[in-house]
Every structure is written in structure tokens, then in C-alpha cells.
Amino acid sequence: MEANPYQADAEFTAAERDSVYKCIFKRRDVRGQFLPDPIPDEVLGRILKAAHHAPSVGFMQPWDFIVVRDPMVKRKVRDAFQTANTEAADMFEGDRQETYRRLKLEGIVEAPVGICVTCDRERTGPVVVGRTHQREMDLYSAVCAVQNLWLAARAENVGVGWVSILRHADLREALGIPASIQTIAYLCVGYVSHFFQNPELEAAGWLPRTPLRDVVWFDRWHGRTGEETLLQQLG
Ligand SMILES: Cc1cc2c(cc1C)N(C[C@H](O)[C@H](O)[C@H](O)COP(=O)(O)O)c1[nH]c(=O)[nH]c(=O)c1N2
């Protein structure tokens, strides 16, 4: 007899649902609050498993997770960040540039663990279910893994900070990643002294959170009529 293909315990209780939303809303990008405390392998294993269970185009699972603990490697990544960040600062004008220079935008050396998420675009051959007309879907799949990792880490009270102010080539070089592999994210991972209530860029006055109702639209000409009850829910 075939095993039952349906999920056991498929329903979320209200408390479980609330935990998921708590995790989503309390997740933060962590830069400056990392503690040196090691992350137990059991915890790191659960976080990586959550990342590996992300959706992926054609079930391609194009990702690899490179766990970085070597301080020398971290310093190389930090050096690459510093080069890129100096260039980045020059791209902003006036006051904005001054504010940019004051932002803390990475915790590469302080975080006990770095995780580089990569995408092997050839993993399952040239033709992939769902990637036939949108070639970038494998990259997006790897980003889904990043988000799973980020949320799972938050549920483990572990902070994650994404550092993208890096040239891909420099990151590959620091981690010994072959040119055929696309780097997706360098993540700083570790326990933290605290999680901020709001995004640091919001607190620094860089940008506010956009009201939800400004980004939700209904009919095909972007109208907002006929959906008053939903609009009320959007605040
Ligand atoms: C693709 C991508 C790339 C980056 C980021 C995020 C994402 C999604 N973020 C974090 C980003 O600044 C942060 O998510 C927003 O400011 C919102 O804050 P919370 O994540 O809600 O705390 C980020 N932060 C940072 O300090 N340095 C960085 O290089 C990056 N790069």
C-alpha cells in the first residue's frame, strides 16, 4: 500500500501562525551587534536545512552554502568590502554621502560565521522547468534560500546581515569559488547583543518604510475602487 502523500499536522494553530509573523516582523539586518559566541552545530544545521528547503525553479536547488569561519578569509572579504564601500560612498552626493559614510554596513569580521550562498546555473543541465523563458529564475531561487535562512536564523535568535557591497570577483577570489559559479549573498551570521526594533536605514533617516497601501493595487489600470474592506486592512 502506498504511503499517504498528504501532510500530517498540516494546519497551523493561531499560536503557530503568530510565531511565523513574529519571526517575519522581528527579523532585522544585523551589522554591528554580533557577539563572538559560537553557534552550536545543531543550530547552524537547522538553519542550513531551512535554507535548503526553499522553493526553487524546476526543483533545481541551485545553491551551495559556503560556511566561513577562518578569520583570514573573513579579513579578505572585509578588505574587499572596504574597497567597494569607498567606491560606493563616492556615488552619493553631498549630505547623502556624509550620511552614507557614517552607516555601518557589515559585520564581516565580528560575526563568528560567514555564509556565502552561491548559484550553480548549470546544476541540472541547460533546460530547466520554469526557467525556459525567464533565465534569471535560478538566481531568484537562491535568493529564496537566503530568505529562508534569514528567517530560520531569527527564530533561533541568531542575527544575519547581508553584505552586497562587494565585487563578485573579489568574493569568489576570497572564498576560492570558481568563475562558473555565481555568488548570490555573503551573510554575516551570529548571536547578537540585541535586535533593533526598526530597520537601521529607517532609524538613520535614510528612507522610511513605504505604507503598504501605497504598493497594493487592484484592477488592471491600477485602480483602488471596489476593494474598500481590504484597503481598510492595509492601514
Ligand atoms: C539583496 C540585499 C542586499 C543587501 C541588504 C538586503 C538585501 C535584501 N542589506 C540589508 C538592508 O539594508 C535591509 O534589509 C533593509 O535596510 C531593511 O532592514 P531590515 O532587514 O528589515 O532590518 C544590506 N545591509 C547592509 O548593511 N549592507 C549591505 O550590503 C546590504 N545588502
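## A walk through the model

The protein chain falls into two parts, domain 1 covering residues 26-204 and domain 2 covering residues 208-235. Keep in mind that what you're looking at is a predicted model. If you take the centres of domain 1 and domain 2 over their C-alpha atoms, they sit 32 Å apart. To get a feel for the whole thing, picture a box of roughly 55 × 50 × 40 Å along the principal axes, which is what the C-alpha atoms of the protein chain fill.

Now for the building blocks. The protein chain has eight helices and four strands. Follow the chain from the N terminus and you'll meet the elements in the order α-α-β-α-α-β-α-β-α-β-α-α.

So where do those strands end up? A good place to look is the open sheet, in which four strands line up as β1-β2-β4-β3 with antiparallel pairing. At the edges you'll find β1 (63-68) and β3, each of them pairing on one side only. Going from one strand of this sheet to its neighbour, the turn averages 25 degrees, ignoring direction. As for what holds such an arrangement together, strands of a sheet pair through backbone hydrogen bonds, and they can do so in a parallel or an antiparallel way.

Let's zoom in on one pair. Strand β2 (residues 113-119) runs antiparallel to strand β4 (residues 182-191), and the two are joined over seven bridges. If you want a spot to put your finger on, try C116, whose bridge partner in β4 is Y186. Helix α5 (residues 137-155) packs on the sheet and touches β1, β2, β3 and β4. The direction of helix α5 makes about 0 degrees with that of β4.

Next comes the ligand. Which residues are around it? They are R28, D29, R31, L105, E106, G161, W162, V163, S164, I165, P199 and L201. Strand β3 (residues 158-163) is the biggest giver to this shell, supplying three residues. So the edge strand β3 of the sheet turns up again here, beside the ligand. By character, the shell splits into six nonpolar, two polar and four charged residues.

Finally, step back to the chain as a whole. How much of it is buried? Of its 235 residues, 26% count as buried. There's also a long-range side to the contacts: among those in the protein chain with a separation of 6 or more, 83% come from residues 24 or more positions apart.

How values were computed: Residues are numbered from 1 along each chain as its sequence is written. This is a predicted model: local features need pLDDT of at least 70, side-chain atom pairs count only at pLDDT 80 or more; totals for chains, interfaces and linings use all residues. A residue is near a molecule or strand if its C-beta atom, placed from the backbone, lies within 6 Å of it. Ala, Val, Leu, Ile, Met, Phe, Trp, Tyr, Cys and Pro count as nonpolar, Asp, Glu, Lys and Arg as charged, and the others, Gly among them, as polar. Domain bounds come from an automatic or database domain assignment. Two strands pair if DSSP finds at least two bridges between them. Axes are lines fitted to C-alpha atoms, for helices over the stretch in contact, and angles run from 0 to 180 degrees between N-to-C directions. Two residues are in contact if their C-beta atoms, placed from the backbone, lie within 7 Å. A residue is buried if 20 or more other C-beta atoms lie within 10 Å of its own, exposed if 12 or fewer, and partly exposed in between; C-beta atoms are placed from the backbone.
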